[in-house]
Every structure is written in structure tokens, then in C-alpha cells.
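Biologist: Could you take one part of this model and go through it slowly with me, building outwards from a single residue to the rest of the chain? I would like a careful account that I can follow while I look at the picture.

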Amino acid sequence: KVADKLLNQIGRRIMTDKLIACVILLLLLGMLGILVVKSLGLDKGATDVAGAGGQYYAIDCSLDITKTYRQCQELAEQNKGQGGG
């Protein structure tokens, strides 16, 4: 019985370690994906929005939730004006 309890405890610790390793791996893959997208320039076409500290953030104005941003609304007005309409 004592050996079974000890084995179960060791098994739980190993599973916790594996879970932590998986989370770290996912974070690293996410950061790598962002670097690849930025370096290849695949994030072009997005509107630059000034954020905190004077930094600029790219947002996609084609999404429903971002269409309420002032910058996206201004861009839509500009496009509407250029379209003759």
C-alpha cells in the first residue's frame, strides 16, 4: 500500500511537470509565430493605432469588434470618400 501511494504521488508530480513543459512550449511557439509573421511582413494591411507610451499597434479593421475603433471608422470614411460615394 505504501509503495502504491508513493508511485501515485510520483506519477502526479511527473504529470504536473509535463503540463508545465507543455505550457512553456506553447508560449515559445506563440512567440516564434509572432516573430515569423512580423519578419515576413504578413501583418501588413492593418491599421496602426497609437497605444500607451507612444507605441503603435496594428489592428485589423475587418473584424466586427474593431470596426468601432475611431481609427477604423476614420479609415472607412476615407475609403467611402475615395469610392465616390
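**A close look at the loop before the last helix**

Modeller: Let us begin with Cys-61, which has its place in the loop between β2 and α2. Please keep in mind throughout that this is a predicted model. Cys-61 counts as buried, because its relative accessibility is 18% and the cut-off for buried is under 20%. Along the sequence Cys-61 and Gln-73 are twelve residues apart, while in space the distance from C-alpha to C-alpha is 8.6 Å.

The loop between β2 (56-59) and α2 also holds Tyr-69. Tyr-69 has a relative accessibility of 37% and is therefore partly exposed, since that class covers values between the limit of 20% for buried and the limit of 50% for exposed. If you look from Tyr-69 back to Ile-59, you will find ten residues of separation in the sequence and 9.5 Å between the two C-alpha atoms.

After this loop we can turn to helix α2, which spans residues 70-82 and contains both Glu-77 and Lys-80. These two residues form a salt bridge, in which the closest N and O atoms are 3.9 Å apart, and the structure holds one salt bridge in total. Glu-77 and Lys-80 are three residues apart, which is about one turn of the helix, and both of them are exposed.

To place these details in the whole, it helps to follow the protein chain from the N terminus, where the order of elements is α-β-β-α, giving two helices and two strands. Of the 85 residues in the chain, 8% are buried, and Cys-61 is itself a buried residue. The protein chain exposes about 7400 Å², of which carbon and sulfur atoms supply 64%.

Part of the surface is a nonpolar patch formed by Leu-19, Ile-20, Val-23, Ile-24, Leu-27, Leu-28 and Met-31, which together have about 680 Å² of accessible area. One of these residues, Leu-28, lies in helix α1, and Leu-28 is partly exposed because its relative accessible area is 48%, a value below the 50% that an exposed residue must exceed.

Finally, a word on the predictor's confidence: the mean pLDDT of the protein chain is 79, and 75% of the residues reach 70 or more. Among the elements, helix α1 (residues 2-40) has the highest mean pLDDT, at 88, whereas strand β1 (residues 47-50) has the lowest, at 59.

Conventions: Residues are numbered from 1 along each chain as its sequence is written. This is a predicted model: local features need pLDDT of at least 70, side-chain atom pairs count only at pLDDT 80 or more; totals for chains, interfaces and linings use all residues. Side-chain values use heavy atoms; hydrogens and water are left out. Helices (H or I, at least four residues) and strands (E, at least two) are DSSP runs, numbered from the N terminus. Buried means under 20% relative accessible area, exposed over 50%, partly exposed in between (1.4 Å probe, protein chains only). Accessible areas come from the Shrake-Rupley method with a 1.4 Å probe; for residues, only the protein chains shown count as cover. A salt bridge is a side-chain nitrogen of Lys or Arg within 4 Å of a carboxyl oxygen of Asp or Glu. pLDDT is the predictor's confidence in each residue, from 0 to 100. Patches are made of residues with over 30% relative accessible area and no salt bridge: like charges are joined within 9 Å, nonpolar side chains (Val, Leu, Ile, Met, Phe, Trp, Tyr) within 5 Å.
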